[in-house]
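Got your viewer open and a selection box ready? Load the model below and follow along, one stop at a time.

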Amino acid sequence: RFAVPSSAALSAFALVMKGDSPHEIAQFVHKYRDRLKEYQSDETMVAIEVEALSKIGDVAGAKALLAQNCAVLSDTNVAFLEATIAEAEGADSISVRLAQFEASGTTHDLQILVNVLGKAGDDRLGDFLIRLWGQRHQIEDARRACDALISAGKEHRAEAFLEEIGEQVR
């Protein structure tokens, strides 16, 4: 299905990634890894494939690929991928992603935690969106934080947050 000439590999890869189908991503990366290495690092390609395999439920394949390629992965990526595999194995997503963010402190892990908290309707969402605001200073994060705080019955915290950021957003 993905028979593309080498010159079109990057464009085809972008389309597959935009489609957000873990099955198609895993297939494409596995089939065209060597061609894609011209455009992406080994670390990126391994991470994408491990994550996709985890999301389609091929935990054994994800673990094997991770074990085979630990040498090309940063410690941060290994920890992220281990958390992704743990989720695929049925671990509590909030606990896994909270631990991952606390260990790394990265914006990427905070964004994933915020998404998981949002899907779960967790009352801590507003507080973590405030932290995301602190890292990215994007108005949308501040708006979402206020909405989440108000939804959680934390109106006073929302008002205090708005006062804190008032000067920064003018």
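A bit of vocabulary before we start: a crossing is left-handed if the near helix is turned anticlockwise from the far one by less than a right angle, and right-handed if clockwise. You are looking at a predicted model, where local features need pLDDT of at least 70, side-chain atom pairs count only at pLDDT 80 or more, and totals for chains, interfaces and linings use all residues. Residues are numbered from 1 along each chain as its sequence is written, and side-chain values use heavy atoms, leaving out hydrogens and water.

**Zoom out**

Show the cartoon: the protein has 10 helices and 0 strands. Both kinds of element are DSSP runs numbered from the N terminus, helices being H or I with at least four residues and strands E with at least two. The C-alpha trace spans about 55 × 35 × 25 Å along its principal axes.

**Stop one: α3 and α5**

Select residues 42-55 for α3 and 75-88 for α5. How far apart are the axes of α3 and α5? They are 9 Å apart, and the angle is about 10°. Here axes are lines fitted to C-alpha atoms, for helices over the stretch in contact, with angles from 0 to 180 degrees between N-to-C directions. The two helices are therefore roughly parallel; the labels are roughly parallel under 35 degrees, roughly antiparallel over 145, roughly perpendicular from 65 to 115, and oblique for the rest. The crossing of α3 and α5 is left-handed.

Now put sticks on E43, A47, V50, E51 and S54 of α3, and on N77, F80, L81, T84, I85 and A88 of α5; these make the contact (heavy atoms within 4.5 Å). By class that contact has 6 nonpolar, 3 polar and 2 charged residues. In this scheme Ala, Val, Leu, Ile, Met, Phe, Trp, Tyr, Cys and Pro are nonpolar, Asp, Glu, Lys and Arg are charged, and the others, Gly among them, are polar.

**Stop two: the largest pocket**

Keep E51 selected and add K55, R97, I112 and N115: of the 14 lining residues, these five are the closest to the centre of the largest pocket. Its volume is about 380 Å³. A pocket is an open set of points on a 1 Å grid over the protein atoms alone, where a 1.4 Å probe fits, with protein on both sides within 12 Å along at least five of seven lines; lining residues have an atom within 4 Å of a point. Points are joined across faces, edges and corners, and the volume is the space filled by probe spheres set on them. Highlight α7 (107-120), which gives the largest share of the lining, 6 residues. The lining splits into 4 nonpolar, 5 polar and 5 charged residues.

**Stop three: the second largest pocket**

This one has a volume of about 180 Å³. Among its lining residues are M17, I25, E51 and K55. Here α3 gives the most, 4 residues.

**Stop four: two antiparallel pairs**

Select 9-19 (α1) and 22-36 (α2): their angle is about 160°, with axes 11 Å apart, so they are roughly antiparallel. The contact includes F13 and M17 of α1, and I25 and F28 of α2.

Finish with α9 (139-151) and α10 (155-165), whose angle is also about 160°, with axes 7 Å apart. That makes α9 roughly antiparallel to α10, and their crossing is left-handed. Sticks to show here include L149 of α9 and F161 of α10.
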